[in-house]
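This briefing introduces a single protein chain to a reader who has not met it before. Please look over the sequence and structure below before turning to the notes that follow.

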Amino acid sequence: MRLAVARLRRRLGRRGAFLTIAGAGKVCLGVGFLVAPPTSTRGLEVLTNAAPLHCWAWVWVLAGSVTFACGWLRVGNDGAGFLAALVPPSLWAAAYLWSAVTGEYARGAWLSAWYLTSHIGVICWAATVPEHSVPPVRRARASDS
């Protein structure tokens with residue numbers, strides 16, 4: 001079992017692990033909207049006026065699937081996963097912010113801030129993390145001893 005975990009960690013790396021987990025989470029959220037739609041979509045009217053909530057749920061599922069799949073790509077080829085991960089929370093943040101600005105849903109400002117920090121901010125940070133950020137070990141020279 002340890003060997004399998006070690007292989008998986010080596011295969012995914014830090015960026016791939018992040019994309020895999022974030023992608024699975026986005027798929028779960030989207031499926032949750034499909035299976036048990038919320039009773040209220042307050043604050044999301046700008047989105048639900050354009051398309052029904054189940055369509056936006058598929059945006060979460062599709063973006064999550066792309067994010068998950070990109071987690072298994074080599075570093076340098078995973079950029080599309082980070083972009084895909086940004087789409088749904090950016091839409092939700094914009095919708096909630098708009099509802100707060102227009103006065104339709106005052107709580108929307110706080111929900112928008114939550115999406116901006118805990119989703120978008122974390123994704124943008126993770127996209128900048130190099131796969132190998134530990135500096136190489138400096139070998140002692142014969143004259144140093």
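**Briefing: overall build and helix 4**

Read from the N terminus, the elements of the protein chain follow the order α-α-α-α-α. The radius of gyration is 20 Å, well over the 15 Å that the globule rule gives for 145 residues, so the protein chain is more spread out than a compact globule. The model is a predicted one.

**Overall build**

- The protein chain contains 5 helices and 0 strands.
- The C-alpha trace spans about 70 × 30 × 25 Å along its principal axes.
- Of the 145 residues in the protein chain, 34% are buried.
- About 9400 Å² of the protein chain is exposed, and carbon and sulfur atoms supply 67% of that area.
- Among contacts with a separation of 6 or more, 73% are between residues 24 or more positions apart.

**The largest nonpolar core**

- In soluble globular proteins, nonpolar side chains tend to be buried together.
- In this model, the largest nonpolar core has 23 residues.
- The residues with the most contacts inside this core are F33, L44, L47, W56, W92, Y96 and Y115.
- Helix 1 (2-35), helix 3 (53-70), helix 4 (79-101) and helix 5 (108-128) are the elements that give two or more residues to the core.
- Helix 4 provides the largest share of the core, with 7 residues.

**Helix 4: course and bend**

- Helix 4 has 23 residues, and the distance from its first C-alpha to its last is 32 Å, close to the 33 Å expected at 1.5 Å a residue.
- At V87, helix 4 bends by about 25 degrees, and the proline P88 follows within four residues.
- Just after helix 4, G103 takes a positive phi of about 85 degrees.

**Helix 4: buried residues and partners**

- The buried residues of helix 4 include the prolines P88 and P89, the aromatic residues F82, W92 and Y96, and also L86 and S99.
- G81, A84, A85, A93 and A95 are also among the buried residues of helix 4.
- These buried residues pack against helix 1, helix 2 (45-48), helix 3 and helix 5.

**Y96 and its surroundings**

- Y96 is one of the buried residues of helix 4 and is also among the residues with the most contacts inside the largest nonpolar core.
- Leaving aside residues up to four places away in sequence, Y96 touches R42, G43, L44, Y105, G108, A109, L111, S112 and Y115.
- Of these partners, L44 and Y115 are likewise among the residues with the most contacts inside the core.

Technical notes: Residues numbered from 1 in each chain as written. Predicted model: local features only at pLDDT ≥ 70, side-chain atom pairs only at ≥ 80, totals over all residues. Heavy atoms only, no water. Core = buried A, V, L, I, M, F, W, Y, C linked by side-chain atoms within 4.5 Å. Buried < 20%, exposed > 50% of the residue type's maximum accessible area, 1.4 Å probe, protein only. Contact = heavy atoms within 4.5 Å. Expected span 1.5 Å × (residues − 1). Bend = angle between axes of the 7 residues up to and from the residue. Rg over C-alpha atoms; globule rule 2.2 N^0.38 Å. Areas by Shrake-Rupley, 256 points an atom, 1.4 Å probe, with all protein chains shown as cover.
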